[in-house]
Amino acid sequence: MHVNDGWVPQTPVEGVLHAFTRIGRRLKSKQPGDTIDHSAHLVLYMLRCNGALRLSDLAAKMELDASTASRHVRALEQVGLIRRSTDPDDGRAFRVELTDEGEREWHTSTKRRMELLSQAMDGWDDSDIETFATLMTRFADGVNNIVDERADSAAALQLNTKENVEN
């Protein structure tokens, strides 16, 4: 599926948004050889980066509601990519973690995505790739910081509003 190539972004920021939309759509779609979808890959990524997590913590890190995270966990558990374990801090609670198969699947899925990106940059100079990586990291950090600050401000406002109502 191609986008309407007749449309031309009017500003550089519009161009960035358009590019991210196109890339995101492609990275979310299953690629040849994929055995898991994009959402499953993100769950595995979060567990790979953070280790075992309570379901509520996984949902928060993924910015999902608990029921959606639970559905992803159940599906991945059924195919043996993650398992539940008792939370050592609270025996009534559980954590989810990657199985060895989940670790292998994460590596395979990540390798496939990196191959796609490498092919997209085929013919680029090493210095161009390094510059692109630096700028993308800086950009991602900027977006994350803004979104985190907005969430913190919204939470503080909500707490303040609740306190005012109670008084």
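**A tour from F20 outward**

Begin by selecting F20: its relative accessibility is 36%, which places F20 between the 20% limit for buried and the 50% limit for exposed, so the residue counts as partly exposed. The model in the viewer is a predicted one.

**The aromatic pairs**

Keep F20 selected and turn to the aromatic rings. How many aromatic pairs does a search of the whole structure find? The search returns 2. In one of them, F20 is paired with F139; the arrangement is stacked, with 5.3 Å from centre to centre and 15° between the planes. Now colour the two helices that carry these rings. F20 belongs to helix α1, which covers residues 12-28, and F139 belongs to helix α6, which covers residues 126-166. The two partners are 119 residues apart, and the pair thereby links distant parts of the chain. Select F139 itself to compare its surroundings with those of F20: F139 has 39% relative accessibility and counts as partly exposed.

Next, select W124 and F132. What is the geometry of the pair that W124 and F132 form? These two rings meet edge-to-face, with centres 5.4 Å apart and an angle of 75° between the planes. W124 has a relative accessible area of 37% and is partly exposed. F132 is likewise classed as partly exposed, at 38% relative accessibility.

**The whole chain**

Clear the selection and switch to a cartoon view. The chain contains 6 helices and 3 strands. Traced from the N terminus, the order of these elements is α-α-β-α-α-β-β-α-α. Is the chain compact or spread out in comparison with a globule? Its radius of gyration is 20 Å, whereas the globule rule gives 15 Å for 167 residues; the value is well over that figure, so the chain is more spread out than a compact globule. A box drawn along the principal axes to hold the C-alpha atoms has dimensions of roughly 55 × 50 × 30 Å.

**Surface, contacts and charges**

Show the surface next. The exposed area of the chain is about 12,100 Å², and carbon and sulfur atoms supply 54% of that area. Colouring by burial marks 22% of the 167 residues as buried. For the contact map, consider residues at least 6 apart in sequence: of the contacts between them, 44% join residues at least 24 apart.

Finally, select the charged side chains. The chain has 21 positive and 28 negative charges, and the mean positions of the two sets lie 6 Å apart.

Methods: Residues numbered from 1 in each chain as written. Predicted model: local features only at pLDDT ≥ 70, side-chain atom pairs only at ≥ 80, totals over all residues. Heavy atoms only, no water. Helix = DSSP H or I, 4+ residues; strand = E, 2+ residues; numbered from the N terminus. Rg over C-alpha atoms; globule rule 2.2 N^0.38 Å. Buried < 20%, exposed > 50% of the residue type's maximum accessible area, 1.4 Å probe, protein only. Contact = heavy atoms within 4.5 Å. Areas by Shrake-Rupley, 256 points an atom, 1.4 Å probe, with all protein chains shown as cover. Lys, Arg positive; Asp, Glu negative; His and termini not counted. Charge placed at Lys NZ, Arg CZ, Asp CG, Glu CD. Phe/Tyr/Trp six-rings, centres within 6.5 Å; stacked < 30°, edge-to-face > 60°.
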